[in-house]
Amino acid sequence: MLTISQLASYAGVTVRAVRHYHAKGLLPEPERDHSGYRRYGAHAVVELVRIRTLANAGVPLARVRELLAAGEEEFNAAVADIDRRLRAEIRQRQRHREQIAQLAAGDSLALPPEAVAYLDRLRELGLPELMIEGERDAWILVAAQFPEHMPLYMKMKQQQLDDPATVDLYWDLVAMIDWEMDDPRLTALADRLVASLEAAEAEGWDSHDQEMTDGLAKLLDSVFLDSVPIARRLLERLEERGWRGWTKLERIYPK
């Protein structure tokens, strides 16, 4: 006859595990002998090995008792069901691993590959990280609302970067971050922006920004307004020249 320690050793488990299986009703607890110790026979070892095998295979303890008592057909059906559950859990774990990998990948978090490529191109142009972070945060907001439009948006942004005038404009916006509120260069920048907008309008430019809700546009505008102190003055200059907004730029027609 075996003590609980010997039983655990034979079955390859801990004494704590044996006591846990007792508490769950999976392994019958023998009566104590005249010395006050519980003694186990060979049958207990066999049962404990079967319990351990099922538990190590991922079978929930709540179903171990059922499988121990099942016939061959019932046992096979139950195992197949558990296998399906485990495969579903593995797929979920894999998705979690992919999400964790994205967390370590910086821009890839919450952004599709085409948006990451756009941000990488901004870095290749030498634009400062502060501006790129603002772009990233804005596009995360857009991607959350319009994931299906992101390929088109990013294609348009990449095409804009092919135009040297657009790249110059980006650098103007970078420089504007440090301007004082009364900087005289702001008027010239507003004029260049308006000229660019009017040229695009003349070429039949179709802004897909109109698909955005006003609420999202305001949220995106706040990213720009909060990070660039003089941004509100720039928007005032644009409105004086017949254009309203920033994310959803629209022509103001005289009444």
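1. The largest pocket of this predicted model holds about 1,500 Å³ of space. A pocket here is an open set of points on a 1 Å grid over the protein atoms alone, where a 1.4 Å probe fits, with protein on both sides within 12 Å along at least five of seven lines. Grid points are joined across faces, edges and corners, and the volume is the space filled by probe spheres set on the points.

2. As for the walls, 43 residues line the largest pocket, and K157, Q160, L169, Y170 and W246 lie nearest its centre. Two or more lining residues come from each of α7, α8, α9, α10 and α11. Helix α9 gives the largest share of that lining, eight residues. A lining residue has an atom within 4 Å of a pocket point, and helices are DSSP runs (H or I, at least four residues) numbered from the N terminus.

3. Now a closer look at α9, which covers residues 164-176. Its 13 residues should span 18 Å at 1.5 Å a residue, and the end C-alpha atoms are 18 Å apart, so the two values agree. The expected span is 1.5 Å times one less than the number of residues. At the start of α9, D163 brings a side-chain oxygen to within 3.1 Å of the backbone nitrogen of A165.

4. Which residues of α9 are buried? They are T166, V167, L169, Y170, D172, L173, V174 and M176. Buried means under 20% relative accessible area, exposed over 50%, and partly exposed in between, with a 1.4 Å probe and protein chains only. The cover over these buried residues includes α6 (113-124), α7 (129-145), α8 (150-161), α10 (185-202), α11 (214-227) and α12 (231-240).

5. T166, in helix α9, is a nice one to click on. Its relative accessibility is 15%, and therefore T166 counts as buried. The T166 side chain reaches the backbone oxygen of Q160 at 3.3 Å.

6. T213 sits in the loop between α10 and α11 and, because its relative accessibility is 44%, counts as partly exposed. Leaving aside neighbours within four places in sequence, T213 is in contact (heavy atoms within 4.5 Å) with F146 and K248. T213 and T166 are 47 residues apart along the chain, with 26 Å between their C-alpha atoms.

7. E29 is in the loop between α2 (15-23) and α3 (42-56). With 44% relative accessibility, E29 counts as partly exposed. Beyond its neighbours within four places in sequence, E29 is in contact with H22 and R38. The side chains of E29 and R38 are joined by a polar contact of 2.8 Å. That term means a pair of N or O atoms within 3.5 Å; within protein, one must be able to donate a hydrogen and the other to accept it, and residues adjacent in sequence count only if both atoms are side-chain atoms.

8. Q145 belongs to helix α7, and at 51% relative accessibility Q145 counts as exposed.

9. Last, confidence: the protein chain has a mean pLDDT (the predictor's confidence in each residue, from 0 to 100) of 85, and 92% of its residues reach 70 or more. Among the elements, helix α5 (residues 72-103) has the lowest mean pLDDT, 78, and α12 the highest, 93. In this predicted model, local features need pLDDT of at least 70 and side-chain atom pairs count only at 80 or more, while totals for chains, interfaces and linings use all residues. Residues are numbered from 1 along each chain as its sequence is written, and side-chain values use heavy atoms, with hydrogens and water left out.
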